[in-house]
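Please open the model in your viewer, with residue selection and distance tools at hand. The tour below moves from single residues to the whole fold, then to a pocket and the cysteines.

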Amino acid sequence: MERFAWKGRIRPGMQAEYKHRHDEIWPEMIEVLRRAGIRNYTIWTDGDELFGYYECEHGAAFAERVQAESPVVDRWNAYMRDVLELEMDPRTGAQPRLAQVFCMD
């Protein structure tokens, strides 16, 4: 199982709205993530800073491809644009991967 970590930033004053939108995440968005083989998806905050982590059951390239091809993901990204600042990799359409330096299994 391949691991994937990303970072982002919540726009100033939008922390409560960011949390609210994830508390009510669309079922069809969860379905896309599951279809992409994404497991153990977790997002943490430190003030405005975000750190996300998930495990890719079929590899990160597969997860990126399924998400990039999904109109649901496109709608979610548009919906989140006013509360979230994310850098996106133009090749994959996903957040750039953070480099792993340590893993204790």
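In which helix is the place of Glu31? Select Glu31 and follow the backbone around it: this residue belongs to helix α2, in what is a predicted model. Switch on a surface, and Glu31 should appear as partly exposed, because its relative accessibility is 42%. Then select Val72 as well and draw a line between the two C-alpha atoms: Glu31 and Val72 are 9.6 Å apart in space, although 41 residues separate them in sequence.

**Helix α1: Gln15 and Ala16**

Move next to Gln15, whose place is in helix α1. Its relative accessible area is 31%, and Gln15 is therefore partly exposed. If residues up to four places away in sequence are set aside, Gln15 touches Ile10, Gly47 and Asp48, and these three can be shown as sticks around the glutamine side chain. For a longer line across the model, select Leu33: the C-alpha atoms of Gln15 and Leu33 are 23 Å apart, with their positions 18 residues apart in sequence.

Now select Ala16, which also lies in helix α1. With a relative accessible area of 63%, Ala16 is exposed. A line from the C-alpha of Ala16 to that of Asp74 spans 22 Å, and the two residues are 58 apart in sequence.

**Strand β3: Glu49**

Select Glu49, in strand β3, which covers residues 49–56. Glu49 is partly exposed, at a relative accessible area of 33%. Keep Gln15 displayed for this step, since the C-alpha atoms of Glu49 and Gln15 are separated by 9.8 Å, while the two residues are 34 apart along the chain. Leaving out residues up to four places away in sequence, Glu49 touches Gly8, Arg9 and Trp44.

**Strand β2: Asn40**

Which residue other than glycine has a positive phi, near 55°? Select Asn40, where that value is found, and trace the backbone through strand β2, to which Asn40 belongs. Asn40 counts as partly exposed, because its relative accessibility is 45%.

**The whole fold**

Zoom out and colour by secondary structure. The protein comes to 4 helices and 4 strands, and, read along the sequence, they follow the pattern β-α-α-β-β-α-α-β. The radius of gyration is 13 Å, close to the 13 Å that the globule rule gives for 105 residues, so the protein is as compact as a globular protein of that length. If you draw a box along the principal axes, the C-alpha atoms fill roughly 35 × 30 × 25 Å.

Colouring by accessibility adds a second view, in which buried residues make up 35% of the 105 residues. A contact map gives a third: among contacts between residues at least 6 apart in sequence, 74% join residues at least 24 apart.

**The largest pocket**

Return to the surface and look for the largest pocket, which holds about 820 Å³ of space. To centre the view there, select Trp6, His22, Tyr41, Ile43 and Trp76, which are the closest to the pocket centre of the 35 residues that line it. The elements that give two or more residues to this lining are α1 (15–23), α2 (27–35), β2 (38–46), α3 (60–68) and α4 (71–80).

Which element gives the largest share of the lining? Highlight β2, which contributes 8 residues. Colouring the lining by class then shows 19 nonpolar, 9 polar and 7 charged residues.

**The cysteines**

As a last stop, select Cys56 and Cys103 and show their sulfur atoms. How many disulfides does the structure hold? The count is 0, and a distance line shows why for Cys56: its sulfur is 13 Å from the closest cysteine sulfur, that of Cys103, which is too far for a bond. The cut-off behind this reasoning is 2.5 Å between the two sulfur atoms. Cys103 is likewise in no disulfide, its nearest cysteine sulfur being that of Cys56.

Is Cys56 buried or exposed? Cys56 is buried, with a relative accessible area of 1%, whereas Cys103 is partly exposed, with a relative accessible area of 31%.

How values were computed. Residues are numbered from 1 along each chain as its sequence is written. This is a predicted model: local features need pLDDT of at least 70, side-chain atom pairs count only at pLDDT 80 or more; totals for chains, interfaces and linings use all residues. Side-chain values use heavy atoms; hydrogens and water are left out. Buried means under 20% relative accessible area, exposed over 50%, partly exposed in between (1.4 Å probe, protein chains only). On a 1 Å grid over the protein atoms alone, a cavity is a set of points where a 1.4 Å probe fits but cannot get out, and a pocket is an open set with protein on both sides within 12 Å along at least five of seven lines; lining residues have an atom within 4 Å of a point. Grid points are joined across faces, edges and corners, and a volume is the space filled by probe spheres set on the points. Ala, Val, Leu, Ile, Met, Phe, Trp, Tyr, Cys and Pro count as nonpolar, Asp, Glu, Lys and Arg as charged, and the others, Gly among them, as polar. The radius of gyration is taken over C-alpha atoms; the globule rule is 2.2 Å times the number of residues to the power 0.38. Contact means heavy atoms within 4.5 Å.
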